[in-house]
Each structure stands twice: as structure tokens, then as C-alpha cells.
Amino acid sequence: MPLIIVTGLPTSGKTTRAKQLHDYLAKRVTDSNYRLHYISDDTLSISRIVYDLSALPAHTRSANASEKDARAAIYGAVKRVLTNKDIVVLDSPNYIKGWRYQLHCEAKAVRTPSCILQIGCSKDQAKQVNDKRLERRAKGEDQLEGEEPYEEGNWENLVFRYEEPNPMTRWDSPLFAVVWDDNEEQTNKIFDDLWETIAGSGRKVIRPNQ
Ligand code: ADP
Ligand code: MG
């Protein structure tokens, strides 16, 4: 497969779903030749601040230099492990279409498929999650790793900048979508479909010139 690009709005449930997918895949790979990897902003210690355009020092040459650094770190981490025998679940906002294109090309270069797992969640629902986390922080309550809130402006701006995947394009397909209300049964059906398409018998042979 082996590159699964998770994408969705901030605090839309990407990590929740990515972990469910990871658990699902962990069971499936036991009788296959695949190795499984999970890469996320949290595993690479990438802070939410890198996405905050307003938090950058005025002298920074490029407006999003730190986000670029974060992407370089993610790219390096993916490149280090991705082969056609390694399944990588990449849990990060992945909200820029040019970036998803780059990841798709990287997968193609090692002759392995890539796909998108889109986390469908309304803006209101996602905002509630972030607001709750902001509240918890304001009260001084402990925050679990990966559950840090985005500053409000950062969150809004990320939503504004979000570039929806378009399954009509090569790099955003195949696209699998899970929505907030999908229960375990429905989610597993989507994961079955994903597995069949990119790792099972339905898997397409990738040629470098395709
Ligand atoms: P993200 O990685 O996109 O920032 P998280 O996975 O951290 O989002 O999820 C945000 C919060 O919403 C978590 O506390 C999680 O428990 C909750 N959550 C996520 N998806 C769902 C869902 N489908 N149904 C109910 N709660 C969910
Ligand atoms: Mg997350």
C-alpha cells in the first residue's frame, strides 16, 4: 500500500481514525509480508504552532518557513521507511493539495500505491473539540499527548486554508472517507475496502511512468 495519507480539518478526528486504521491493519498484516508504520505530527514532535502564521517572527523570510520544516521532517520520515512492503499511515493535516501530490509521487517512485483517508467532520463539530481542549487548558487540566488545542486563530485559519481532496485527481485517489457518525461496523467496511484496493488482490501494479 502502502502510503495512506490521512487528511481532514483540524481536530476532526484524524488521529482517532488513524489509530483505528492502524489497529485494523496490525491484525491484517500478521499473515502478509507487510510491515506497518505510523507517522504523525505527534510522533515527530511537530507542534501545532508550526501551522500558526501569526506566531511567526516578523523577520522570517518565508511566511510559512516552520511549516516547511515540518513538512521536510515528515517527508524524510516517510521516505526512510516507505517501500512496496511497508504500509505507512501518515496522520497529519495534509491539507495542501501540492503536498499530497508530492507524497503521491514519492510513493510512485518506490512503486507502491498511495491513497487518501479523508476524515469527514463538520466545521462545527471539529470546532467543538478544539474549544473543549482550549477550555481544559484554560482550567489548567492535564492534556494528553496529541490532545493539545490549536489557538483559535490558528484553527480558523487552517480551516480556511484547507484544500479538500479531489478524487478526480491522480494524487487524491483512491479516496476513502469516514465520517464522524460511522460506527465500528461501517468503519471496518471502509477499512476492508481500503485494504483490498491497495494491499489485497485488487492492488494495482505501479509502474514509474504511469
Ligand atoms: P485530530 O487528530 O484531527 O486533531 P483527534 O483524533 O485528536 O482529532 O480527535 C478529536 C477528539 O474528538 C478526540 O477527543 C476524540 O475522542 C473525538 N472524536 C474523534 N472522532 C470521533 C468520532 N467519530 N466520534 C466521536 N468522537 C470522536
Ligand atoms: Mg491529530
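Two strands pair if DSSP finds at least two bridges between them. I began with that criterion because strand β1 (residues 3–8) and strand β4 (residues 114–120), which run parallel, are joined by six bridges. I note at the outset that the model is predicted.

**Entry: the sheet.** Still on the β1 and β4 pair, I looked up one position and found Ile-4 opposite Cys-115 in β4. I then traced the whole sheet, which is open, has five strands in the order β2-β3-β1-β4-β5, and shows parallel pairing. Its edges are β2 (35–40) and β5 (175–179), and each of these has a single partner strand, so one side of each is left without a neighbour in the sheet. For the twist I recorded that neighbouring strands of this sheet are turned by 20° against each other on average, with direction ignored.

**Entry: helices on the sheet.** I followed helix α1 (residues 14–28) and saw that α1 packs on the sheet, where it touches β1, β2, β3 (86–91), β4 and β5, while its direction makes about 165° with that of β3. Helix α3 (residues 97–109) lies across β1 and β4, and I noted that α3 runs at about 170° to β1.

**Entry: α1 against α6.** I next looked up how α1 packs with helix α6 (residues 184–198), and I wrote down an angle of about 55° with the axes 11 Å apart. The two helices are therefore oblique to each other, and the crossing of α1 and α6 is right-handed. On the α1 side I listed Gln-20, Leu-21, Tyr-24 and Arg-28, which meet Thr-187, Asn-188, Phe-191 and Trp-195 in α6. Sorted by character, the residues of this contact divide into four nonpolar, three polar and one charged.

**Entry: ligand 1.** Around ligand 1 I found Gly-8, Pro-10, Thr-11, Ser-12, Gly-13, Lys-14, Thr-15 and Thr-16, together with Val-129 and Trp-180. I checked which element gives the most to this shell, and it is α1, with three residues. The residues of the shell divide into three nonpolar, six polar and one charged.

**Entry: backbone details in two loops.** I looked up omega between Ser-173 and Pro-174 and noted a value of about -5°, the peptide bond that joins them being cis. Pro-174 is found in the loop between α5 (152–161) and β5. I also noted Asn-94, whose phi is near 45°, a positive value in a residue other than glycine. Asn-94 is found in the loop between β3 and α3.

Definitions and conventions:
Residues are numbered from 1 along each chain as its sequence is written. Chains are lettered from A and ligands numbered from 1 in the order in which they are written. This is a predicted model: local features need pLDDT of at least 70, side-chain atom pairs count only at pLDDT 80 or more; totals for chains, interfaces and linings use all residues. A residue is near a molecule or strand if its C-beta atom, placed from the backbone, lies within 6 Å of it. Helices (H or I, at least four residues) and strands (E, at least two) are DSSP runs, numbered from the N terminus. Ala, Val, Leu, Ile, Met, Phe, Trp, Tyr, Cys and Pro count as nonpolar, Asp, Glu, Lys and Arg as charged, and the others, Gly among them, as polar. Axes are lines fitted to C-alpha atoms, for helices over the stretch in contact, and angles run from 0 to 180 degrees between N-to-C directions. Angles under 35 degrees count as roughly parallel, over 145 as roughly antiparallel, 65 to 115 as roughly perpendicular and the rest as oblique. A crossing is left-handed if the near helix is turned anticlockwise from the far one by less than a right angle, and right-handed if clockwise. Two residues are in contact if their C-beta atoms, placed from the backbone, lie within 7 Å.
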